[in-house]
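This report describes the fold of one protein chain. The sequence and the model are shown first.

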Amino acid sequence: MALLKTFTDDRRPFTIKPLATMATHWTRAFLIFLASQVLSVNSFEEEEVPAEWVLLHVVQGQIGAGNYSYLRLNHEGKIILQMQSLKGDADLYVSDTTLHPSFDDYELQSVTCGQDVVFVPEHFQRPVGIGIYGHPSHLESEFEMKVYYDQTVVEYPFGKASYGTDGSETSHRQSYAPEETSQEEESVVWTILIGILKLILEILF
């Protein structure tokens, strides 16, 4: 018996494929769809990192439940800590006042179940303490942390303010000197004009 049966009508012939062939076709289509989704996710993750971020380090490790693993950051500037829990659930705590931050002593934190991201500002004192905590819900957690340096240059429209030794802000006088000079010149011109007008009025009257 033939596997493919052909029927005809008044318009054109058509065929009916067996179920096995159709199942194979849909299986291939589903696998192609899954592959495209994986590729799109990977490309999306790559696009998430801006071009101004420079990768400095990649740290991998594992931590037991309820334990801490500590790292020390010495690099200056704006730093981004991007940690992914490969297994279990690792949380991230950061501080510039202690080298052993914890969930009750920290400045910055990220405690998600997936990817944890912390932005370390430029003004943080170095070294910066980094604490990685293994959540008790898992016997062991594995993590991968990527350390990025943000080389974005921030431009200040009126110049960056300077600070004195007492912490008070002092502005750059050079930025405002031309405006102050022009105001003084205008006041001198008006004074001269008013004096001339008074002299003319005294002569006429």
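The text below goes from the whole chain to its sheets, its salt bridge and its surface.

## Basis

The model is predicted, so local features need pLDDT of at least 70 and side-chain atom pairs count only at pLDDT 80 or more, while totals for chains, interfaces and linings use all residues. Residues are numbered from 1 along each chain as its sequence is written, and side-chain values use heavy atoms, with hydrogens and water left out.

## Whole chain

The protein chain contains 2 helices and 12 strands. Both kinds of element are DSSP runs numbered from the N terminus: helices are H or I with at least four residues, strands are E with at least two. In sequence order the pattern is β-β-α-β-β-β-β-β-β-β-β-β-β-α.

Of the 205 residues in the protein chain, 20% are buried. Buried stands for under 20% relative accessible area, exposed for over 50%, and partly exposed for values in between, with a 1.4 Å probe and protein chains only. The exposed area of the chain is about 15,600 Å², and carbon and sulfur atoms supply 58% of it. Accessible areas come from the Shrake-Rupley method with a 1.4 Å probe; for residues, only the protein chains shown count as cover.

Contacts (heavy atoms within 4.5 Å) often span long stretches of sequence: among those between residues at least 6 apart, 73% join residues at least 24 apart.

## The sheet around β9

One open sheet has 4 strands in the order β4-β9-β6-β7, with antiparallel pairing. Its edge strands are β4 and β7 (108-110), each of which pairs on one side only. From one strand to the next the twist averages 20°. For such angles, axes are lines fitted to C-alpha atoms (for helices over the stretch in contact), and values run from 0 to 180 degrees between N-to-C directions. Two strands are taken to pair if DSSP finds at least two bridges between them.

Strand β9 (residues 128-134) is mostly covered, with 7 of its 7 residues buried. Val-128, Ile-130, Ile-132 and Gly-134 point one way from β9, whereas Gly-129, Gly-131 and Tyr-133 point the other way. Strand β4 (residues 68-73) runs antiparallel to β9 and is joined to it by 6 bridges; here Tyr-70 stands opposite Gly-131. Strand β6 (residues 90-95) also pairs with β9 in the antiparallel sense, over 6 bridges, and Ala-90 has Gly-134 as its bridge partner.

## The sheet with β5 and β10

Another open sheet has 4 strands in the order β3-β10-β5-β8, and its pairing is antiparallel. Strands β3 (53-64) and β8 (115-120) stand at the edges with a single partner strand each, so one side of each has no neighbour in the sheet. Neighbouring strands of this sheet are turned by 20° against each other on average, direction ignored.

Strand β5 (residues 78-87) pairs with strand β10 (residues 140-150) in the antiparallel sense over 9 bridges. Leu-81 has Val-147 in β10 as its bridge partner.

## Salt bridge

The whole structure holds 1 salt bridge, a term for a side-chain nitrogen of Lys or Arg within 4 Å of a carboxyl oxygen of Asp or Glu. The side chains of Glu-140 and Lys-87 form this contact at 3.9 Å, N to O. Glu-140 lies in strand β10 and Lys-87 in strand β5, so the pair ties together parts that are 53 residues apart in sequence.

## Surface and loop

A nonpolar surface patch consists of Val-188, Val-189, Trp-190, Ile-192, Leu-193, Ile-194, Ile-196, Leu-197, Ile-200 and Leu-204, with about 990 Å² of accessible area together. Patch residues have over 30% relative accessible area and no salt bridge; like charges are joined within 9 Å, nonpolar side chains (Val, Leu, Ile, Met, Phe, Trp, Tyr) within 5 Å. Leu-193 of this patch lies in helix α2 (residues 173-204).

Val-153 lies in the loop between β10 and β11 (162-163). Val-153 and Glu-52 are 101 residues apart in sequence, and their C-alpha atoms are 9.3 Å apart in space.

The table lists the accessibility of four residues named above.

| Residue | Relative accessibility | Class |
|---|---|---|
| Glu-140 | 33% | partly exposed |
| Lys-87 | 41% | partly exposed |
| Leu-193 | 41% | partly exposed |
| Val-153 | 66% | exposed |
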